[in-house]
Amino acid sequence: MSAAPPGDARMEVGAATAYARATRALSDNRMLSPAGDNAVEHYLEARSQASEQVRAQAALAELQPYVVIATEQAIARDDAQEASRLQHLVERIDAQAPALPRLRAEVSSLLRDQAARATAASVATPPAPSAAPSAVTRPPTPPAILATATTTVPEAAPPPVPSASPPMPAAVQEAPRPASVPAPSPRVAQGARTPRLLQDAQPRYPLPALRARIEGQAEVAFTIQPDGSVRDVRLLSSTSDGMFDASALAVAQRWRFEATGQAHASSRTVRFRLPAANAGGG
């Protein structure tokens, strides 16, 4: 067994690395971007390896709804290029996704509109050639133009004086900012009372785990921001070969705590239990 070919060993190491990169990207809030270095694409890479296929697929099943929502948002803001990229991610996660036909149609329509606008813009550009002839007629006028240029330069000289003074107020406004920088330092508010949880969220039960009737848990650490939002979510420990990692990391981003004006380090255990009907059904 230990005498596996170097190629296979490299593939297994590559798979583990891809899964680790995916988990890290998710912890760093890089779920979908930048392109080529985000959690979804790293999970897709890990899924191509047998040793990581099950848990990578579980993570992708958890993240798929977020990719669909992000695609819809890109379509809504007329960002054809981003919408197309995200739609292809949905397709790679699940080629049979129910939302795919609709997303394909909307992205295609958006790309057509973009192409039409580009064509209309290029049709409106022809006035540029008419500027060329005027450039040919210009030789007689240069002296007058140069004269105008030199006349306007002295008159344009006074404006720099007002623009020289604005930097002073800008510098004065920048001075208070450093005073607000120390605000994050209360992050070391270890002894302070943990803010109250105002908005909980239920994690999505990974479909592969549900089908296999697997239960588990994942402990996550995070920072509660002064406004009560959650940032810097990272995984501390988990069970079931990491099958619940992505779901726990994703749900933590949706928690909201009481705003205290200070940052607090905290942790929480996300438990995954089968529905009572399934558990007691024998």
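**Figure 1. D232 and D241, two aspartates with positive phi.** D232 is found in strand 3, and this close-up of a predicted model begins there. Phi of D232 is near 55 degrees, a positive value in a residue that is not glycine. With 35% relative accessibility, D232 counts as partly exposed, because that class lies between the 20% and 50% limits. Next, look for D241, in the loop between strand 3 and helix 12 (245–252). D241 also has a phi near 55 degrees, positive in a residue other than glycine. Its relative accessibility is 66%, so D241 counts as exposed. As background for this view, most residues other than glycine have a negative phi.

**Figure 2. The hairpin of strand 2 and strand 3.** Strand 2 (residues 216–224) and strand 3 (residues 230–238) run antiparallel and are joined by six bridges. Together the two strands form a hairpin, with five residues between them. In the turn you will meet G228, whose positive phi is about 95 degrees. Within the paired strands, V220 stands opposite L235 of strand 3.

**Figure 3. S266 and its contacts.** Our next stop is S266, which has its place in strand 5 (residues 264–272). S266 counts as buried because its relative accessibility is 18%, and the limit for buried is under 20%. Setting aside neighbours within four places in sequence, the contacts of S266 are T194, V220, A221, F222 and I224. V220 is thus a name to recognise from the hairpin view, where V220 stands opposite L235.

**Figure 4. H264 and the side chain of T260.** H264 lies in strand 5. At 4% relative accessibility, this histidine counts as buried. The side chain of H264 makes a polar contact with the side chain of T260, at 3.1 Å.

**Figure 5. P206 in its loop.** P206 can be found in the loop between strand 1 (197–199) and helix 11. With a relative accessibility of 2%, P206 counts as buried. Not counting residues up to four places away in sequence, P206 touches A58, M243, F244, S247 and F272. For a sense of how the fold brings sequence positions together, compare P206 with R55: they are 151 residues apart in sequence, and 9.3 Å apart in space from C-alpha to C-alpha.

**Figure 6. The largest pocket and its lining.** About 270 Å³ of space lies in the largest pocket. Of the 14 residues lining the largest pocket, Q57, A61, Q64, L207 and P208 are the closest to its centre. Helix 3 (53–76) and helix 11 (207–211) are the elements that give two or more residues to this lining. Helix 3 supplies the largest share, with five residues. By residue class, the lining of the largest pocket divides into eight nonpolar, four charged and two polar residues. For readers new to such views, rolling a probe the size of a water molecule over the atoms shows where empty space is left.

**Figure 7. Helix 2 and the cap at its N-terminal end.** Helix 2 (residues 39–47) is mostly covered, with eight of its nine residues buried. The buried residues are A39, V40, E41, H42, Y43, L44, A46 and R47. At the N-terminal end of helix 2, N38 acts as a cap: a side-chain oxygen lies 3.3 Å from the backbone nitrogen of V40.

**Figure 8. The cis peptide bond between S33 and P34.** P34 is found in the loop between helix 1 (6–27) and helix 2. The bond joining S33 and P34 is a cis peptide bond, with omega of about 0 degrees. For context, most peptide bonds are trans.

**Figure 9. The whole chain, for orientation.** To place the close-ups, it helps to step back to the chain, which has 13 helices and five strands. Buried residues make up 31% of its 282 residues. Among contacts in the chain with a separation of 6 or more, 69% are between residues 24 or more positions apart.

Methods
Residues are numbered from 1 along each chain as its sequence is written. This is a predicted model: local features need pLDDT of at least 70, side-chain atom pairs count only at pLDDT 80 or more; totals for chains, interfaces and linings use all residues. Side-chain values use heavy atoms; hydrogens and water are left out. On a 1 Å grid over the protein atoms alone, a cavity is a set of points where a 1.4 Å probe fits but cannot get out, and a pocket is an open set with protein on both sides within 12 Å along at least five of seven lines; lining residues have an atom within 4 Å of a point. Grid points are joined across faces, edges and corners, and a volume is the space filled by probe spheres set on the points. Helices (H or I, at least four residues) and strands (E, at least two) are DSSP runs, numbered from the N terminus. Ala, Val, Leu, Ile, Met, Phe, Trp, Tyr, Cys and Pro count as nonpolar, Asp, Glu, Lys and Arg as charged, and the others, Gly among them, as polar. Buried means under 20% relative accessible area, exposed over 50%, partly exposed in between (1.4 Å probe, protein chains only). A polar contact is a pair of N or O atoms within 3.5 Å; within protein, one must be able to donate a hydrogen and the other to accept it, and residues adjacent in sequence count only if both atoms are side-chain atoms. Contact means heavy atoms within 4.5 Å. Two strands pair if DSSP finds at least two bridges between them.
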